[in-house]
Amino acid sequence: MRIGASLFLIAVGAILKWAVTDKVNGINLAVVGVILMVVGIVGLLFELVMWGTHRRTTVVSGTPTTTYARPAEPIDRTY
């Protein structure tokens with residue numbers, strides 16, 4: 001779950017918990033809102049932990065990676 005999806009779940013959960021006053025038979029919207037907020041917070045924490053442990057490494061070698069040919073010896077063209 002990405003950060004944007006987590007924030008979206010938290011926002012929808014908060015809206016269901018505190019802003020919606022309608023009643024639905026068999027469903028408590030406040031509980032659904034709390035569940036969505038908890039899932040969003042867990043997803044956000046998981047994503048931040050995974051983002052924090054992501055390493056960007058640069059490998060530097062002490063030896064050159066290319067080899068150069070020696071210049072050719074001059075050709076003796078005296079006959």
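Here is a short walk through the model, one selection at a time.

Before you click anything: this is a predicted model, where local features need pLDDT of at least 70, side-chain atom pairs count only at pLDDT 80 or more, and totals for chains, interfaces and linings use all residues. Residues are numbered from 1 along each chain as its sequence is written, and side-chain values use heavy atoms, with hydrogens and water left out.

**Whole chain.** Start with the cartoon view: you should find 2 helices and 0 strands. Helices here are DSSP runs of H or I with at least four residues, strands are runs of E with at least two, and both are numbered from the N terminus. Switch on the surface, and you are looking at about 7,300 Å² of accessible area, 65% of it belonging to carbon and sulfur atoms (Shrake-Rupley method, 1.4 Å probe; for residues, only the protein chains shown count as cover). Of the 79 residues, 13% count as buried. Buried means under 20% relative accessible area, exposed means over 50%, and partly exposed is in between, using a 1.4 Å probe and protein chains only.

**Select 29-53.** That's helix α2. How far apart are its end C-alpha atoms? They sit 36 Å apart, which agrees with the 36 Å that its 25 residues should span at 1.5 Å a residue; the expected span is 1.5 Å times one less than the number of residues. Now colour Leu29, Gly33, Met37, Gly40, Gly43, Leu44 and Glu47, which are the buried residues of α2. What do they pack against? Helix α1.

**Select Met37.** This α2 residue is buried at 14% relative accessibility. Leaving aside neighbours within four places in sequence, Met37 is in contact (heavy atoms within 4.5 Å) with Leu9, Ile10, Gly13, Ala14, Lys17 and Trp18. Try a distance to Leu16 as well: Met37 and Leu16 are 21 residues apart in sequence, and their C-alpha atoms are 9.6 Å apart.

**Select Glu47.** Staying in α2, you reach a glutamate that counts as buried because its relative accessibility is 13%. Which residues does Glu47 touch, not counting those up to four places away in sequence? Met1, Arg2 and Ile3.

**Select Ser6.** Hop over to helix α1, residues 3-19, where Ser6 lies. Ser6 is buried, with a relative accessible area of 0%. With residues up to four places away in sequence set aside, Ser6 touches Met1, Gly40, Gly43 and Leu44.

**Zoom back out.** Among contacts between residues at least 6 apart in sequence, 58% join residues at least 24 apart.
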